[in-house]
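The following exercises invite the reader to examine a protein model step by step. Each task is followed by a worked solution.

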Amino acid sequence: MQPDLPPRSRGVIALFEENCTVCMLCARECPDWCIYIDSHKETLPAEGGGRARTRNVLDRFAIDFALCMYCGICIEACPFDALFWSPEFEYAEYDIGELTHERERLREWMWTVPPPQAHDSGAEPPKEVTTAAKGGAAGRPRGRPA
């Protein structure tokens, strides 16, 4: 029987690979240097006579949980929501080398990530929403009726 965990439990880090742009911010911000990322550049041909574009393609994304201190800095640093906390905590291994999870295993943890919590009913709306609402009314040209 699994215990009832608090809603924001930190178990294992999951990777949503489709959102990863290989910006390397998670690896650079990690205080333990336990995130390993390899990539290569790929040139996409231009459509309609434009300039060809290059993009980074993820080759390897691995986290060494033997080194990780579960601080969550990598999750906070990711600007594209590619890393998430999963509440799963039962992934012990007999061999310390097996604690390095490659991207395939990190992707599997995504199935265990719970949906985000609903906002508190008495909480203030986010400042972005109130600013946008004010800007919509203030953004009209003056002197003209709405």
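The exercises below concern a predicted model and treat ring pairs, salt bridges and backbone angles in turn.

**Exercise 1. Aromatic pairs**

Task: State how many aromatic pairs the structure holds, and classify the pair formed by Phe65 and Tyr70.

Solution.
Step 1. The structure contains three aromatic pairs.
Step 2. For Phe65 and Tyr70, the ring centres are 5.9 Å apart and the planes make an angle of 20 degrees.
Step 3. Planes under 30 degrees apart count as stacked. The pair of Phe65 and Tyr70 is therefore stacked, with 20 degrees between the planes.
Step 4. The surroundings of the two residues can now be added. Phe65 is buried, at a relative accessible area of 5%, whereas Tyr70 is partly exposed, at 25%.
Step 5. Ring pairs join Phe65, Tyr70, Tyr91 and Trp109 in a cluster.

**Exercise 2. A salt bridge between two strands**

Task: Determine which parts of the chain are tied together by the salt bridge of Glu42 and Arg55.

Solution.
Step 1. The structure has six salt bridges. One of them is formed by the side chains of Glu42 and Arg55, with an N to O distance of 3.3 Å.
Step 2. Glu42 belongs to strand 2, residues 35-44, and Arg55 to strand 3, residues 53-64, so the salt bridge ties together parts that lie 13 residues apart in sequence.
Step 3. Both side chains require an accessibility class. Glu42 is partly exposed at 29% relative accessibility, and Arg55 is partly exposed at 41%.

**Exercise 3. Salt bridges that involve loops**

Task: Locate the partners in the salt bridge of Glu102 with Arg60 and in that of Arg105 with Glu93.

Solution.
Step 1. In the salt bridge between Glu102 and Arg60, the closest N and O atoms are 2.9 Å apart.
Step 2. This pair links distant parts of the chain, 42 residues apart: Glu102 is in the loop between strand 5 (100-101) and helix 3 (103-108), while Arg60 is in strand 3.
Step 3. Glu102 has a relative accessible area of 30% and is partly exposed; Arg60, with 28%, is partly exposed.
Step 4. The side chains of Arg105 and Glu93 form a salt bridge with an N to O distance of 3.5 Å.
Step 5. This second pair also links distant parts of the chain, 12 residues apart, with Arg105 in helix 3 and Glu93 in the loop between strand 4 (83-86) and strand 5.
Step 6. Arg105 counts as partly exposed at 27% relative accessibility, and Glu93 counts as partly exposed at 33%.

**Exercise 4. A network of salt bridges**

Task: Which residues are linked in a network of salt bridges?

Solution.
The network of salt bridges links Glu17, Arg103, Glu104 and Arg107.

**Exercise 5. Positive phi values**

Task: Describe the phi values of Val22 and Met24, and decide whether each residue is buried or partly exposed.

Solution.
Step 1. Val22 has a phi near 60 degrees, which is a positive value in a residue other than glycine. Met24 has a phi near 70 degrees, likewise positive in a residue other than glycine.
Step 2. Val22 is situated in the loop between strand 1 (12-15) and helix 1 (25-29). Met24 is located in the loop between strand 1 and helix 1.
Step 3. Buried means under 20% relative accessible area. Val22, with 5%, is therefore buried.
Step 4. Met24 counts as partly exposed, at 30% relative accessibility.

Terms used
Residues numbered from 1 in each chain as written. Predicted model: local features only at pLDDT ≥ 70, side-chain atom pairs only at ≥ 80, totals over all residues. Heavy atoms only, no water. Phe/Tyr/Trp six-rings, centres within 6.5 Å; stacked < 30°, edge-to-face > 60°. Buried < 20%, exposed > 50% of the residue type's maximum accessible area, 1.4 Å probe, protein only. Salt bridge = Lys/Arg side-chain N within 4 Å of Asp/Glu carboxyl O. Helix = DSSP H or I, 4+ residues; strand = E, 2+ residues; numbered from the N terminus.
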